[in-house]
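I opened this entry to keep track of what I looked up in the structure. The notes follow the order in which I went through it.

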Amino acid sequence: MTALAFASLDLNDYAASLNAQLQGRGAEDVLHIAIRDLFPRQIALVSSFGAEAAVLLHLVAAVDKTTPVLFLDTGKLFDETLRYRDALIDRLSLSDVRVLTPDPKLLSAQDDAGTLWFRDAEACCRIRKVEPLARGLKPFAAWINGRKRFQAATRQHIPLVEADGARLKFNPLADWGPAEIEAYFIRHNLPRHPLVAQGYPSIGCAPCTQPVAAGDDARAGRWQGADKTECGIHVSTLPSSSPRDEE
């Protein structure tokens with residue numbers, strides 16, 4: 001799709017149309033259509049290289065190993081996550097992993113001591129995740145993420161495709177459950193994030209991630225004890241430019 005054609009679309013209507021067309025399609029088909037047919041060289045995968053990330057990374061690599069992968073290195077991640085990232089890059093032969101980091105000027109102004117997460121988790125996520133991702137997504141018309149409906153009450157109704165500011169967002173694993181994820185790990189002999197065995201089914205920054213009790217939501221260990229369930233990259237109101245704006 002040309003930038004001019006994309007710019008003329010109402011993204012909410014386009015997302016609704018794509019949802020109707022992709023209804024019943026498997027994740028492999030959705031990704032092939034998104035990466036190869038609709039947005040060649042205009043789409044990126046955003047991955048945390050977390051507990052379940054290997055599944056979507058493997059699926060995307062099967063379509064095109066050169067698909068850009070955006071990774072948010074917040075400066076607060078577990079060392080295990082960084083080592084796991086490197087292992088998956090090597091295992092899947094990913095050739096375009098782009099590491100996004102916080103703006104040093106923002107960190108200096110707002111989190112010079114590195115303790116903002118304790119005082120204001122929303123502000124910390126904004127400067128360490130939301131703002132870097134907004135910058136990283138600027139060249140792209142669409143992006144892919146690994147959210148799933150079973151993960152939390154706030155995710156129960158996510159569609160396959162949705163409008164997200166100036167671009168489209170694909171959720172190809174939206175209807176996958178734990179059994180399908182586990183089966184895919186086994187079928188493809190994918191390595192596991194080392195913290196999963198320690199009771200972390202959802203893994204973010206080290207200060208704000210705890211193990212989860214049996215029976216709790218997979219994301220119950222994120223920002224435990226706080227009135228917060230998302231880091232903000234899926235509910236961002238930050239202004240962002242896209243190829244539509246830059247033509």
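I began with strand E2, residues 69-72, in this predicted model. I asked whether its two faces are covered or open, and both turn out to be covered. Val69 and Phe71 lie on one side and are buried. Leu70 and Leu72 lie on the other side and are buried as well.

Next I looked up how E2 is joined to strand E1, residues 43-46. I found two bridges between E1 and E2, and the strands run parallel. Opposite Val69 of E2 I found Leu45.

I then turned to the nonpolar cores. Which residues touch the most other members of the largest core? I noted Phe39, Val55, Leu57, Leu168 and Phe170, out of 46 residues in that core. Helix H4, residues 53-63, supplies the largest share of this core, with nine residues. Another core, of nine residues, lies apart from it. Leu70 is among the members of that other core, as are Ala44, Leu100 and Phe140. Leu70 is also one of the buried residues I had noted in E2.

Cysteines came after that. How many disulfides are there in the whole structure? My search returned zero. I checked Cys208 and found that it is in no disulfide. The nearest cysteine sulfur to that of Cys208 belongs to Cys124, 6.3 Å away, whereas a disulfide would need the two sulfurs within 2.5 Å. I also looked up burial for two cysteines. Cys208 has a relative accessibility of 15% and counts as buried, because the cut-off is under 20%. Cys125 is buried too, because its relative accessible area of 7% falls under that cut-off.

For the chain as a whole, I recorded 10 helices and six strands. Buried residues account for 51% of the 247 residues. Of the contacts between residues at least 6 apart in sequence, 72% join residues at least 24 apart. The accessible surface comes to about 11700 Å², and carbon and sulfur atoms hold 50% of it.

Last, I looked at confidence. The average pLDDT of the protein chain is 87, and 83% of the residues score at least 70. Over residues 236-247 the pLDDT is below 50. I still find 27 contacts in the model for this stretch beyond near neighbours in sequence. Where pLDDT is low, predicted coordinates should not be read in detail, so I leave those contacts as a count.

Terms used. Residues are numbered from 1 along each chain as its sequence is written. This is a predicted model: local features need pLDDT of at least 70, side-chain atom pairs count only at pLDDT 80 or more; totals for chains, interfaces and linings use all residues. Side-chain values use heavy atoms; hydrogens and water are left out. Helices (H or I, at least four residues) and strands (E, at least two) are DSSP runs, numbered from the N terminus. Buried means under 20% relative accessible area, exposed over 50%, partly exposed in between (1.4 Å probe, protein chains only). Contact means heavy atoms within 4.5 Å. Accessible areas come from the Shrake-Rupley method with a 1.4 Å probe; for residues, only the protein chains shown count as cover. pLDDT is the predictor's confidence in each residue, from 0 to 100. A nonpolar core is a set of buried Ala, Val, Leu, Ile, Met, Phe, Trp, Tyr and Cys residues joined through side-chain atoms within 4.5 Å. Two strands pair if DSSP finds at least two bridges between them.
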